[in-house]
Amino acid sequence: MEEIINKVANSALEVFDLEDYYPKGIRAQIDISQWLLEGFLLKEKDFREHLKNHDWSQYQDQYVAVHCSTDAIIPAWALILVSVHLAPFAKKVVNGTIEDLDASLYEEILSTIDYSAYKGKPVIVKGCSRKPVPMRAYILATNYLQPFARSIMYGEACSAVPLYKESKK
């Protein structure tokens, strides 16, 4: 009987796993519709009073996404004012959903990586993850890898989908 050889482990294939860069920390989402009249109408005096009385310390060292779940038309200053109240406590505040928050965190992290280690190598961007990796992070990582990698695939080594191959010069 022949020895089973793991060709994937012996290949030059580099795995780029976005989970490795997932920032640890609690994510919170604030829906400002709770401070609007019937969830739709912003009355400035009441809105400011709600913000003044809210316990902002509960967001200490958290990543916070601020959004409105209703179709209310919110003036820009309202979201900015919420972020002003969060600033002394939160690690980061974004306008949007938790997915927008994660995408923003990945944008910061991925922009700091030295991709030269992938120069001339076949790279697979690992597709399955246990953590919530937003699609924008996959796209951004691929864009950063493309100038360096010989080829880029997506998925798992046993079933990768080709995305990019360096052209012959």
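D102 is found in helix α4. The model examined here is a predicted one, and this aspartate offers a convenient point of entry. D102 has a relative accessible area of 3%; a residue under 20% counts as buried, and D102 is therefore buried. The side chain of D102 does not lack a polar partner, for it makes a polar contact with the side chain of R27 at 2.7 Å. Leaving aside residues up to four places away in sequence, D102 touches Y22, R27, P132 and P134.

The helix that carries this residue may be considered next. Helix α4 comprises 13 residues, from 98 to 110. The distance from its first C-alpha to its last is 18 Å, close to the 18 Å expected at 1.5 Å a residue. Within α4, the buried positions are L101, D102, A103, S104, L105, Y106 and L110. These buried residues pack against four strands, namely β1 (14-16), β2 (27-31), β3 (63-67) and β4 (92-95), and also against helix α5 (135-145).

S104 is another residue of helix α4. Its relative accessibility is 14%, so S104 also counts as buried. When residues up to four places away in sequence are set aside, S104 touches K92, V94 and R136. Of these partners, K92 and V94 fall within the range of strand β4 (92-95), while R136 falls within that of helix α5 (135-145).

The pairing of α4 with α5 can now be described. The two helices pack at an angle of about 20°, with their axes 8 Å apart. An angle under 35 degrees counts as roughly parallel, and α4 is therefore roughly parallel to α5. Their crossing is right-handed. On the α4 side, the contact is made by E99, D100, A103, S104, Y106, E107 and L110. On the α5 side, M135, R136, A137, L140, A141 and Y144 take part.

After α4 the chain enters a loop that leads to β5 (122-126), and D114 lies in this loop. In contrast to the buried D102, D114 is exposed, with a relative accessible area of 57%. The side chain of D114 makes a polar contact with the side chain of S116 at 2.7 Å. D114 can also be located relative to Y144, a residue of α5 that contributes to the contact with α4. D114 and Y144 are 30 residues apart in sequence, and their C-alpha atoms are 9.4 Å apart in space.

Y21 gives a further view of the surroundings of α4. This tyrosine is found in the loop between β1 and β2. Its relative accessibility is 25%, a value that lies between the limits of 20% and 50%, and Y21 therefore counts as partly exposed. Apart from residues up to four places away in sequence, Y21 touches F16, Y106, I109, I113 and Y118. Among these partners, Y106 is one of the buried residues of α4. Y21 and V93 are 72 residues apart along the chain, and 19 Å separates their C-alpha atoms.

A second pair of helices is formed by α2 (residues 44-53) and α3 (residues 76-86). The axes of these two helices come within 11 Å and cross at roughly 20°. Helices α2 and α3 are therefore roughly parallel to each other. As with α4 and α5, the crossing in which α2 passes α3 is right-handed. E44, F47, R48, L51 and K52 in α2 meet W77, A78, L81, V82 and H85 in α3.

Two loop residues on either side of α2 deserve attention for their backbone geometry. E38 lies in the loop between β2 and α2. Phi of E38 is near 55°, a positive value in a residue other than glycine. The relative accessibility of E38 is 73%, so this residue counts as exposed. D61 lies in the loop between α2 and β3. Phi of D61 is near 60°, which is likewise positive in a residue other than glycine. With a relative accessible area of 45%, D61 is partly exposed.

How values were computed: Residues are numbered from 1 along each chain as its sequence is written. This is a predicted model: local features need pLDDT of at least 70, side-chain atom pairs count only at pLDDT 80 or more; totals for chains, interfaces and linings use all residues. Side-chain values use heavy atoms; hydrogens and water are left out. The expected span of a helix is 1.5 Å times one less than its number of residues. Buried means under 20% relative accessible area, exposed over 50%, partly exposed in between (1.4 Å probe, protein chains only). Contact means heavy atoms within 4.5 Å. A polar contact is a pair of N or O atoms within 3.5 Å; within protein, one must be able to donate a hydrogen and the other to accept it, and residues adjacent in sequence count only if both atoms are side-chain atoms. Axes are lines fitted to C-alpha atoms, for helices over the stretch in contact, and angles run from 0 to 180 degrees between N-to-C directions. Angles under 35 degrees count as roughly parallel, over 145 as roughly antiparallel, 65 to 115 as roughly perpendicular and the rest as oblique. A crossing is left-handed if the near helix is turned anticlockwise from the far one by less than a right angle, and right-handed if clockwise.
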